Amino acid sequence: MSLPLEGIRVAHLGQGAVIPELCRVMAEFGADVIKIESQVYPDFMRRPGRLDGELNLNNSPGYNEANRNVRSFAANLRSEEGLSIVRDLVKVSDVVAENNRAYVTRSWGLDYDSVKEFNSKIVYISSNGFGHGGPAGEFAAFGPNLAPYLGLVYLWGHPNDEYPMGATINHPDHIAGKVGVMAVLAALDHRNRTGEGQFIDMSQAEAGASMLGERFLEYTINGNDPKPRGNEVDYAAPHGVYPCKGDDRWCVISIMTDQHWVSLCEAMSREDWKKDVELINLNGRLNRRDELNQEITKWTIDLEPEQVMEILQSYRVPSGYVQNSQDHIADVHLKSRGGYVELDHPVAGLKLYPGNPIRFSRTKAIIGRAPLIGEHTYDVCRDVLGISDSEIERLTELKSIGY
Amino acid sequence: MTTKGPLSRYRILDLSDMKGDLGTLYLAHLGADVIRVEHPHGHSTRWIPPFAGNIPHVERGLYHLYRNVNKRGITLDIETSEGQDILKRLVKTADVFVECFQPGYLESLKLGYSDLKEVNSKIIMASITDWGQSGPRRDFEGAPIVAMAMSGAMQMAGFSEKEPCDAPNAMAYDMAAVYAGTGIMIALYGRGDDGEGEWLDISAQEAGIAGLFPWSVPMTTYGTVPGGNDFPVRGALMLIYKCKDGYVKIAGNVPRHWEAQKELIGKPEMFEDKVWDDQLFRRENADTLKIMYDEFIQDRTMQDLFIAGQALGLPITPLQSLGSFVESPQTKSRNFFQPLNHQIVGEYEYPSAPLKMNGTPLSLRKSAPLLGEDNNDIYSVELGIDADELNNLRSKGVI
């Protein structure tokens, strides 16, 4: 069965998270993504790879997750012949995707203005931390920089925290990768109808900010610069994280409607709450949220988090618990849906990776392992670029490719 | 000047809630004709506080004012048979149908995927739910904080000795919404003009799990939970530091960033011992390194460190509030916030699409729809429902 993105060839000059993730999603739905990398200039996400205490570029869990299903073409961009062969590849590609600092592709002669001269129909997505142009247009940034820069870390915490810490995870990156897929496919659709390629300039900081849009309106409309509020919200009460039996075990409960409230009272056998007229609507519950939270804690503290969820859900109360990866591995619900998939890799071995959350009724994503560095160099040279075996041998000996 | 955007030929019926509205917003920014289909009383997301001017009002919710820009809006009670007929007539004209109801709800109204497919075989239906359309928790209740907790993301936020902290927005839901938007584009592209549709099943828990990158595999393999600022793997390379007027984040990933950090600190004698050049050594001695850094950083300002560090190629950024981000020179110079006029709220600065396309420029075509704003255009002009029938539907509360 054919996959929806079959026939699209992507020259992947990205590294790290945003562009690899964009490319992976496209590759898992049929695009031929050719990642250009080399030992001379490896994706920094390969660097944490270790084997027996030694650096091993093929054993980085982050890389091996972000680059599933793509082909690795080793070409040395610091050699003239390596560069020239990459230009040939770009010539026969539909998409260029990159997230280097702004001047890097220019130095390779592979920026949009250069590429459109020899491939006028190219759809070119360039995503850097701060977007092109402006005083920070050529600044360096990784995902962990952008969450603090755009205000996410400042807001993500408890009001009495010693300092703003935020989270170890980088959702702005993940939003940007997907918004990038949407834009690339929209541009390809436009190109298929008109023959016109184009340049997409995506700022990762803005992509992250775009998931906090309504919070920004608090500032631009109401003149109020939002402060961290921990687990307190105005659309639900009681609402939050409650300690459970065990070490570092927590459940979550969110009472958004008056019906949820009645159900919670029944689940906890709190006839007194159910009869309390002050508590029948959200405003009344918001006014007394501290008291309600204390009472709920007294109830959850002696229960396992899974138990709280089972009890409350049987009364149709929105609830769950703070899962960790061991919970995920044991989770029968996730298992039944393929939330994680097991992949074998020649160096990393058998490991569990998150699945692709895009589940279609007809088309299934192809989830294949990440490539070894340069694994597909020969195939790409021969099948995509039509280079003869003797020439491949010559270029390999020069370490222009295959290294 | 308003422009059409690359997706202007596509129509999306948007019956989503917090789990989908950000995805349809991106598609609307890309030019799709996104039509919000709301209950005649208004969608519940219109009442998410706070409100413009802090005045609770169906048109003033900041959440609504952000997430429904560039969308049109109609009202329709899909629990009435007339409403179901009209919805099916709309489905005939649409490419995509997005919904976030509990699994089984639309089937009970004869509006499930198989029913819609009969009306329009090309329709792409995206169903975004807390738990997905299958599995033992399919019919469980959900909430933004529940999806975030179940995704594993909350164990990785904040100080380890405190209670886990949720994000300041519905982040797992937003992840679900962008995965839905991405899936919709993949299906649209694959379908072409004549192909068959698809049914897309997105679970917010699974979408949230995708946000654990790059820690998922280390966590499932070794059970390690990367904590916050004191997490040793960061080896003092990825920390938040207190400076004179706030905080900065340094994220050095590669050897040249270490060189830049040494230069920024400007005290070569501190790192004369070559052992510091070994990343593993730095990781093991992260606490010592942090103390050395603190001493240097505490006397300098965020802006000074940002500019001086970046001049050396070091990924260093100030830790800003939302307001500081709005006012920062880069944000201003890219016109990320653009003026938008709303009939009731007036003109305000709106965070626009996070990307620029030079061939098919994007623009803010309209502010969030007033309740039922486009009923006339869509029902009378486009569907050709005559005035008598419209009045009849109005009096019955269908629209």
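**Exercise 1.** Which residue is the bridge partner of Phe360(A) in β6(B)?

*Solution.* Keep in mind from the start that the structure is a predicted model. Begin with the two strands concerned: strand β14 of chain A, residues 359-360, and strand β6 of chain B, residues 198-203, run antiparallel and are joined by 2 bridges. Then look along β6(B) for the position that pairs with Phe360(A), and you arrive at Leu200(B).

**Exercise 2.** Describe the contact between chain B and chain A, working from the residue counts to the kinds of residue involved.

*Solution.* First, count the residues on each side: chain B brings 126 residues to the contact, and chain A brings 126 residues as well. Next, find the element of chain B that gives the most to the side touching chain A, which is helix α7, residues 171-191, with 13 residues. Finally, sort the residues on that side of chain B by kind, which yields 76 nonpolar, 35 polar and 15 charged.

**Exercise 3.** Work out how chain B is divided into domains, and how far apart the domain centres lie.

*Solution.* Domain 1 of chain B is made of residues 11-212 together with 334-395, while domain 2 covers 232-321. The C-alpha centres of these two domains of chain B are 43 Å apart.

**Exercise 4.** Give an outline of chain A, from its elements to its burial and contacts.

*Solution.* Start with the elements, which are 19 helices and 14 strands in chain A. Along the principal axes, the C-alpha atoms of chain A fill a box of roughly 85 × 50 × 45 Å. Turning to burial, 56% of the 403 residues of chain A count as buried. Lastly, among the contacts in chain A with a separation of 6 or more, 67% are between residues 24 or more positions apart.

Note on methods:
Residues are numbered from 1 along each chain as its sequence is written. Chains are lettered from A and ligands numbered from 1 in the order in which they are written. This is a predicted model: local features need pLDDT of at least 70, side-chain atom pairs count only at pLDDT 80 or more; totals for chains, interfaces and linings use all residues. Domain bounds come from an automatic or database domain assignment. Two residues are in contact if their C-beta atoms, placed from the backbone, lie within 7 Å. Helices (H or I, at least four residues) and strands (E, at least two) are DSSP runs, numbered from the N terminus. Ala, Val, Leu, Ile, Met, Phe, Trp, Tyr, Cys and Pro count as nonpolar, Asp, Glu, Lys and Arg as charged, and the others, Gly among them, as polar. Two strands pair if DSSP finds at least two bridges between them. A residue is buried if 20 or more other C-beta atoms lie within 10 Å of its own, exposed if 12 or fewer, and partly exposed in between; C-beta atoms are placed from the backbone.
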